[in-house]
Every structure is written in C-alpha cells, then in structure tokens.
Amino acid sequence: MDFKRNIIITGGAGFIGSHVVRLFVNKYPEYRIINIDKLTYAGNLENLKDIEERSNYRFVKADICDYETMLRIMTDNQVDGIIHLAAESHVDRSIKDPFTFARTNVMGTLSLLQATKVYWESLPERYEGKLFYHISTDEVYGALEFDDTLFTEETKYDPHSPYSASKASSDHFVRAFHDTYGMPTVVTNCSNNYGPYQFPEKLIPLFINNIRNRRPLPVYGKGENVRDWLYVEDHARAIDIIFHTGKIADTYNIGGFNEWKNIDLIKVIIKTVDRLLGNPEGHSLELITYVTDRQGHDLRYAIDSRKLKNELGWEPSLQFEEGIEKTVRWYLDNEEWMNRITSGDYARYYEDMYAGR
Ligand code: NAD
Ligand code: DAU
C-alpha cells in the first residue's frame, strides 16, 4: 500500500514518544509511522500494545547512533518526515554517566541528521515537502530565579546539567544543518511532562508508586524548586500542530503556564493517591523524606508559550487538577505495568541511587 507520507518517529517506545506514535497512527491512517527505538531501559513496547498491529505502523529496533542503519531505513521507506524524540532523558543519570548522554543525544542526533541529509539530497526534489523536527527541552535555557520572567524563544542558552548541555548541543546541530545545508528543520523546547507511561524514575510516577508501596518519598533539598507541568497528550497535540503547520527553521516553546513548587506538588500527589486508595487524608505525609539535593539542581523552569498560541493556535487543554487525577488513576490501575518495570535492573538502579542518602 502506498502511503501519503512516511514518517520516522525516534524514541517512540519511551514516555512522550509513545503518545506521539499513538496520536499519529490513529489520526493519520494515510501516513506510515516508523518507530525507531533502541529499547534502552526507558523504552517499552508495552506502551504501544493498543496500536502495534495497525497496518500503518512499523517498529524497528535500532540505535540512532548507527548512521548506516538510519540511512538504510530512510531509503527503504522513502521517509519524508522525522520527529526526533530518542534521547537519554533523566538528569540524575546524566550526573552519574555524562558520556552516555553525549553519545545518544549529541552523536545520535548528528548521525540522524547526516543520514537524513544524504538521503534527501539524493532525491530529485531534495528538501521539498520534508521536515526534520527535533524535540528538545526548556532545560537548555538554564534556571530562573523566583522573580525572573519566563523563558521565551529568545532566551539565551545556558544549560547546567550534562543532560541539558547534551540537549543544547543537539539543538545547535539541528539549526546548523538548516543554516549550512538548507535542511528544513524545526525545534521545540517543552517543559516537564506528566501522564501515563512515564518511567518511574521521574518525580510523579516514582512518588505515586512509592506511596502505594509505603516507601519513602525522597524530596531533593528543601523541595522548593519549581517546575512547569504539562499533560503529555497536550505536548503530543502541539507536536502534531507544529509538524504540520510550524514555520521552517523556527523555534517554539511549549509549556503549561502551570508552575508548582516541588513540595506543593508532592502534597497534591499524596492527597490524590490517599483519596483514591481510600486512606484517611494526610495518611502518607509521613513518607516525605528530605534527602541530599541534586548536584547543580536548577531552581526554576517556566515556559512562555504565547508564540505557539498566537501563531499556531495551540494551548493546553487540560486543567492540572484533571490531569493529575487522570495520571494517578492510570498508575493505580496499571499496577502490572509498573511492577514489570520496577523489578530487575530498575530495582538495582533505585537502590544504588539512594544508597547512603
Ligand atoms: P524517555 O526516556 O521516556 O524515552 C526515550 C526513548 O528513547 C526510549 O524509548 C529509549 O529506548 C529511546 N532511546 C534512547 N537512546 C536511544 C538510541 N540511542 N537510539 C534509539 N532510541 C533510543 O524520554 P521522554 O521523557 O519520553 O523524552 C522524549 C524526548 O522529549 C527527549 O528528547 C527529551 O529530551 C524530550 N523532553 C522530555 C520532557 C519530559 O518532561 N519528559 C520534556 C521536554 C522534552
Ligand atoms: O523540564 C523538562 C525536563 O523535565 C525534561 O527535559 C527531562 O527529560 C525530564 O526528566 C524533566 O527533568 P526534571 O529534572 O525537572 O524532572 P524530574 O522528574 O527528575 O524532577 C522533577 C523535580 O523533582 C526536580 O526539581 C527534581 C525533583 N525530584 C526528582 C526526583 C526524581 C525530587 O525532589 N526527588 C526525586 O526523587
């Protein structure tokens, strides 16, 4: 069957990627979606069970750092669009092992860019009707003080962690491929996502799972750091709009206008989990455990996404109260998904992580 478009989504077995794959496979039966994922500890094909048999979906297990394989997949499938999410994504892991972050996030993105360039430049129409869309993070902008104004698309890059430094570098490579070779690219920088299928090393699923299992809730430092939370399906919807109507070579910030101090967010999570489990109010507050702060812990991130609203009409659709309720319910209803992930290697990582704290 001929498809109208052939689109690679990298990192589609991860948290955000799985939501993007699902949205595209369901909404665009006329597109073939090729999910390229190495299936690292963070990749999980169970996240895509509901769409894996669809005729417009294909999974390829591969490493984005493998240039020859990337070029072959593009050529074999006549790919005309790339939505690039594959990355090492956890700040704490980047502090322990920065090399892996440079390899995947920098060299992997470069290998994908170069394969895309070689393939598209081999075609008679070259870059016409094509797009390389790179998904990045607000962390590249650095950290805000409490009274600073929000990050805009003009904010100077100032990454602090090995993770954000690697993402900043990959963003620069993407823009360099536009400026040097004329490759049609777009970059978006999004705030903290939450929702179903997030790997439980990240704050929200980790804490929901620990409350259920009566384990300590490790709050870094004083719990005063601020993050701007966006429901993952709203991010996927923004990606859809930007992929189809975004301006080539442009940058869009994506955020929830939804800032929470960690400790206040944690109390909302505790209240919601306790209520849904039928515990008395305040029952799990005693699990809060203040631990040594993350090294170089950025104080505050907050995104100004007015450009995306004004130019392309996107805004978050879900109120935070509704989003967090849906999220907590999902993790409580999907205990097996969680248990499969939190056994084995992850259990060992978690023990190492908190040993001696
Ligand atoms: P994730 O860690 O849940 O998933 C990453 C996926 O990439 C996994 O499926 C993994 O197997 C795959 N992957 C890793 N290395 C690979 C490689 N070398 N080759 C092929 N596949 C590989 O990450 P996420 O939270 O879904 O984030 C996805 C993207 O969005 C990342 O680029 C991240 O920087 C960005 N982002 C995340 C957030 C957030 O809050 N989670 C916010 C803004 C931007
Ligand atoms: O801002 C976007 C970024 O959000 C993404 O680019 C990253 O991929 C994603 O992991 C996320 O980074 P954070 O470091 O903000 O997310 P994390 O869930 O790790 O932590 C959220 C906040 O909670 C942060 O201030 C650290 C704190 N924290 C986290 C964990 C895991 C704790 O206090 N205790 C914890 O155990």
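Two strands count as paired if DSSP finds at least two bridges between them. Keep that rule in mind as we walk through this model, which is predicted. By that rule, strand S9 and strand S11 (residues 259-261) are a pair: three bridges join them, and they run in the antiparallel sense. One of the matches here is Asp 228, whose bridge partner in S11 is Glu 259.

Let's stay with S9 for a moment. Strand S7 (residues 192-194) pairs with S9 too, again over three bridges, but in the parallel sense. In that pairing, Tyr 194 stands opposite Tyr 231 of S9. So how many of the residues of strand S9 are buried? Six of the six residues in S9 (residues 226-231) are, so the strand is largely enclosed by the rest of the structure. You can check this face by face: Val 226, Asp 228 and Leu 230 sit on one side, Arg 227, Trp 229 and Tyr 231 on the other, and all of them are buried.

Now look at the sheet with seven strands. It is open, its pairing is parallel, and its order reads S3-S2-S1-S4-S5-S6-S10. Strand S3 (57-61) and strand S10 (251-254) stand at the edges with a single partner strand each, so one side of each has no neighbour in the sheet. Going from one strand to the next, the twist averages 20°. For a closer look at one pairing, take strand S5 (residues 131-137) and strand S6 (residues 185-190), which run parallel and are joined by six bridges. Ser 136, for instance, has Asn 189 in S6 as its bridge partner. What lies across strands S1, S2, S3 and S4? That's helix H2 (residues 67-77), which runs at about 170° to S2.

Next come the charged side chains. The model has 25 salt bridges. One of them joins the side chains of Arg 294 and Asp 92, with 2.7 Å from N to O. Arg 294 lies in the loop between strand S12 (288-291) and helix H9 (306-312), while Asp 92 belongs to helix H3 (residues 91-96), so this pair ties together parts that are 202 residues apart in sequence. Both Arg 294 and Asp 92 are buried.

Other salt bridges span a short stretch of helix. Arg 329 and Glu 325 meet at 3.1 Å, N to O. These two are four residues apart in helix H10 (residues 320-333), so about one helical turn separates them. Arg 329 is partly exposed, because its relative accessible area is 43%. Arg 340 and Glu 336 make another salt bridge, with 3.8 Å between their closest N and O atoms. They are also four residues apart, in helix H11 (residues 335-341), or about one turn of the helix. Glu 336 has a relative accessible area of 56%, so it counts as exposed. Salt bridges can also share partners, and in this way Lys 38, Asp 63 and Arg 103 are joined into one network.

Finally, let's visit ligand 2. Which of the 25 residues around ligand 2 come nearest? They are Thr 137, Asp 138, Tyr 163, Pro 218 and Arg 294. A polar side-chain atom of Thr 137 is 2.7 Å from an oxygen atom of the ligand. Backbone atoms take part as well: a polar one of Leu 203 lies 2.9 Å from an oxygen atom of ligand 2, and a polar one of Pro 218 lies 2.7 Å from a nitrogen atom of ligand 2.

Conventions: Residues numbered from 1 in each chain as written. Chains lettered and ligands numbered in written order. Predicted model: local features only at pLDDT ≥ 70, side-chain atom pairs only at ≥ 80, totals over all residues. Heavy atoms only, no water. Axes fitted to C-alpha atoms, helices over the stretch in contact; angles between N-to-C directions. Contact = heavy atoms within 4.5 Å. Salt bridge = Lys/Arg side-chain N within 4 Å of Asp/Glu carboxyl O. Buried < 20%, exposed > 50% of the residue type's maximum accessible area, 1.4 Å probe, protein only. Near = heavy atom within 4 Å. Polar contact = N/O pair within 3.5 Å; in protein donor to acceptor, adjacent residues only side chain to side chain.
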